[in-house]
Amino acid sequence: METVDLLIQHLAPIKKPLHLHEPWFNEKSWVYVKDCLDSGFVSSVGQYVSDFERALEKLTGAKHAIAVVNGTAALHMCFKACDVMENDEVLLPALTFVATANAVKYCGATPHFVDVARDTLAVDPEALDRYLAENTEIKEGQCINKKTGRVIKALCVMHVFGHPADLNSLLSLCERYHLQLVEDAAEGLGSYYKKQHLGTFGKVGALSFNGNKVLTTGGGGAILTNDDPVAAKLRHITTTAKVPHAWDYYHDEVGYNYRMPNLNAALGCAQLETLAYMLSMKRKLAKWYQTILAECAGCEVLTEPPEAESNYWLNAVILKDESDLVPSIEKLHAEGVFVRPIWKLLHTLPMYQDCPRMPLPVSEGVVGRIFNLPSGVQLAIDLF
Ligand SMILES: *Cc1c(COP(=O)(O)O)cnc(C)c1O
């Protein structure tokens, strides 16, 4: 319990309760949201939505950013962009938030769970390479699962807690196995791999602006892509597939009402103006946690991989001993420090237990030993 005692001691001067990641609003947030209310354009039409998209393109370097209602909808559209459909499989980590798999299911396809690397907690390119070499074959330019006979269309990589996955190796693996790369960069706004923003490496990438993420629009998400036809298709189907016309209603396919409302985008525009400040405070907080837990024998703190710059969305402690997890969480909760364990492995959830999966030794070895620390901007402001 040395880990817990150190945390409690160092967090003693801070006002409780401490939640995992509370939103932090700059002054412009009130100004832009009020302006939006005053204008009457609170819904799916309005200047803030396109302003927010252009600002996201500038920040991430993506050619196109398409703002949508949440990160899950963004992921759904990413898989649509890859033509994922019934009888397809999509490779994705067992260690991720449930939305990654749900979005595959929304397309009628089957998630196929893969293991993660111990250093990044994201998809392990080497283990996956060995697995695919043995269990798949390439036929007519498609990757076929030899056991199920289904096409494996894509690999979805998730950047855990904002720490970039090993993208170089994963891109090369996707090329060799004819897989489209989708990035679940929901946690990755403001994170870079070799100076390139997450979500811009694959065919498409998804961001989330949920209330607990680095930057929030209340609820929201965005799709990033450099592909012009994909961007045009996604803009169309996220706005009910309405053919543009001054007054007439004509829809040329089954669309989705996924466009981000102007009210949410106003908040996003305000937040983006201080993103650099928010990230710098989060980085200070991460260094502070790393320093106070450096001497601790019973745990390790997850840090950004080499050649990467992480947004440090959520700080994470990995305990040596699984039996310390529940007592650690309970003791911290009793002090008003609301730490949280990581997600359950997705193949252990009822709706995903029959999905294909590779052996998951690393995921199974870490899942019961991780908890996240309060990581919001306000905590950093209170501390420093
Ligand atoms: C937050 C999150 C999502 C979903 O985003 P929402 O905006 O909540 O729908 C998807 N994947 C991961 C990894 C996330 O952390």
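Which residue follows H5, and what sign does its phi have? Hold that thought for a moment while I set the scene.

What we have here is a predicted model, where local features need pLDDT of at least 70, side-chain atom pairs count only at pLDDT 80 or more, and totals for chains, interfaces and linings use all residues. Residues are numbered from 1 along each chain as its sequence is written, and side-chain values use heavy atoms, with hydrogens and water left out.

Okay, back to the opener: H5 is followed by Gly 108, and the phi of Gly 108 is positive, near 85°. Helices here are DSSP runs of H or I with at least four residues, strands are runs of E with at least two, and the numbering starts from the N terminus.

Now the whole chain. We've got 13 helices and 16 strands. For 384 residues, a compact globule would have a radius of gyration near 21 Å, and the chain has 21 Å, so the two agree. That radius is taken over C-alpha atoms, and the globule rule is 2.2 Å times the number of residues to the power 0.38. The C-alpha trace spans about 65 × 60 × 35 Å along its principal axes.

How much of the chain is buried? Buried residues make up 57% of the 384, where buried means under 20% relative accessible area with a 1.4 Å probe, counting protein chains only. As for contacts, meaning heavy atoms within 4.5 Å, take those with a separation of 6 or more: 72% of them are between residues 24 or more positions apart.

Let's go back to helix H5, residues 99–106, which is mostly covered, with six of its eight residues buried. Those are Ala 99, Thr 100, Ala 101, Asn 102, Ala 103 and Val 104. And what do they pack against? Helix H4 (71–81), plus strands E2 (88–93), E3 (110–114), E6 (151–158) and E7.

E7 takes us to strand E10. Five of the five residues of E10, 204–208, are buried, so the strand is largely enclosed by the rest of the structure. Val 204, Ala 206 and Ser 208 point one way, while Gly 205 and Leu 207 point the other.

Who are the partners of E10? Strands count as paired if DSSP finds at least two bridges between them. E7, residues 180–184, runs parallel to E10 with three bridges, and E11, residues 221–225, runs antiparallel to E10 with four. Look at Ala 206 if you want one spot to click on: Asp 184 is its bridge partner from E7, and Ile 223 in E11 stands opposite Ala 206 as well.

Two open sheets to finish. One has four strands in the order E12-E14-E16-E15, with antiparallel pairing. E12 (299–301) and E15 (340–341) are at the edges with a single partner strand each, so one side of each has no neighbour in the sheet. Inside that order, E14 (residues 315–319) and E16 (residues 370–373) share four antiparallel bridges, and Asn 315 has Leu 373 as its bridge partner.

The other sheet has three strands, E9-E8-E13, again with antiparallel pairing. Here E9 (196–197) and E13 (308–309) are the edge strands, each with a single partner, so one side of each is left without a neighbour in the sheet. E8, residues 192–193, pairs with E13 over two bridges, and Tyr 192 has Glu 309 as its bridge partner.

Note on methods:
Buried means under 20% relative accessible area, exposed over 50%, partly exposed in between (1.4 Å probe, protein chains only).
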